[in-house]
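Work through the exercises below with the sequence and the model side by side. Try each task before you read its solution.

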Amino acid sequence: MELLFPLLILALLVPTFLGVRRQKKEMQKVTALQDSLRIGDRVMTTAGLHATVAALADDTVDLEIAPGVVTTWSRLVIRERVETATPQDPDLLRKDDDANPPEGRPTEY
């Protein structure tokens with residue numbers, strides 16, 4: 001019975017410690033990504049917006065979301081760098097699925 005309380009405390013502290021470590025590693029990755037941004041990089045924000053980096057400042061980044069449309073965002077919203085599909089990578093590029101539609105599927109909308 002005397003051993004039960006220390007084991008209970010240990011069982012609660014170990015997952016907490018491991019969770020903090022995982023979160024710290026993830027923050028280091030995000031910080032490294034935000035520091036390595038370059039003009040022309042394709043990125044995705046935490047809101048899911050895909051854009052191209054147009055300009056960089058200390059705390060902000062200008063993102064081109066459409067040709068000629070540039071918006072200013074905090075660097076903290078950059079979630080990941082998005083790789084663009086290249087013609088040499090056939091797994092990323094697929095032929096048009098509507099070339100041979102399955103039975104019963106309309107070909108025109």
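Two residues are in contact when they have heavy atoms within 4.5 Å of each other. Counting only contacts in the protein between residues at least 6 apart in sequence, 32% join residues at least 24 apart. The model is a predicted one, in which local features need pLDDT of at least 70 and side-chain atom pairs count only at pLDDT 80 or more, while totals for chains, interfaces and linings use all residues. Residues are numbered from 1 along each chain as its sequence is written, and side-chain values use heavy atoms, with hydrogens and water left out.

**Exercise 1. The elements**

Task: State which helices and strands the protein has, and in what order they follow from the N terminus.

Solution: Begin with the rule, by which helices (H or I, at least four residues) and strands (E, at least two) are DSSP runs, numbered from the N terminus. Under this rule the protein has one helix and five strands. Reading from the N terminus, the elements follow one another as α-β-β-β-β-β.

**Exercise 2. The sheet**

Task: Work out in what order the strands lie in the sheet, and which of them are the edge strands.

Solution: Recall that strands of a sheet pair through backbone hydrogen bonds, either parallel or antiparallel. Two strands count as paired here if DSSP finds at least two bridges between them. By this test, five strands form an open sheet with antiparallel pairing, in the order β4-β3-β2-β1-β5. The edge strands are β4 (69-74) and β5 (78-81), each of which pairs on one side only.

Next, take the pairs in turn. Strand β1 (residues 42-45) is joined to β5 by three bridges, and the two run antiparallel; within β5, Arg81 is the residue that stands opposite Val43. Strand β2 (residues 50-56) pairs with strand β3 (residues 60-66) over four bridges in the antiparallel sense, and a hairpin of three residues joins β2 to β3. Between β3 and β4 there are six bridges, again antiparallel, and this hairpin has two residues between its strands, with Gly68 in the turn showing a positive phi of about 85°.

**Exercise 3. Following one residue across strands**

Task: Starting from Leu56, find which residue is its bridge partner in β3, and then which residue in β4 is the bridge partner of Val61.

Solution: Leu56 lies in strand β2, and its bridge partner in β3 is Val61. Val61 in turn has Trp73 as its bridge partner in β4. Leaving aside residues up to four places away in sequence, Leu56 touches Leu37, Arg38, Ile39, Val61 and Arg75. Its C-alpha atom is 9.4 Å from that of Thr72, although Leu56 and Thr72 are 16 residues apart in sequence.

**Exercise 4. The salt bridge**

Task: Identify which side chains meet in a salt bridge, and explain why the pair ties together separate parts of the chain.

Solution: A salt bridge requires a side-chain nitrogen of Lys or Arg within 4 Å of a carboxyl oxygen of Asp or Glu. A search of the whole structure finds one, formed by the side chains of Asp41 and Arg81 at 3.3 Å, N to O. Because Asp41 lies in the loop between α1 and β1 while Arg81 belongs to strand β5, the pair ties together parts that are 40 residues apart in sequence.

**Exercise 5. Buried or exposed?**

Task: Decide whether Asp41 is buried or exposed, and do likewise for Arg81 and Arg42.

Solution: The cut-offs are under 20% relative accessible area for buried and over 50% for exposed, with partly exposed in between (1.4 Å probe, protein chains only). Asp41, at 16%, is therefore buried. Arg81 has 30% relative accessibility, so it counts as partly exposed. Arg42, which lies in strand β1, has 29% and so is also partly exposed. For the protein as a whole, 14% of its 109 residues count as buried.
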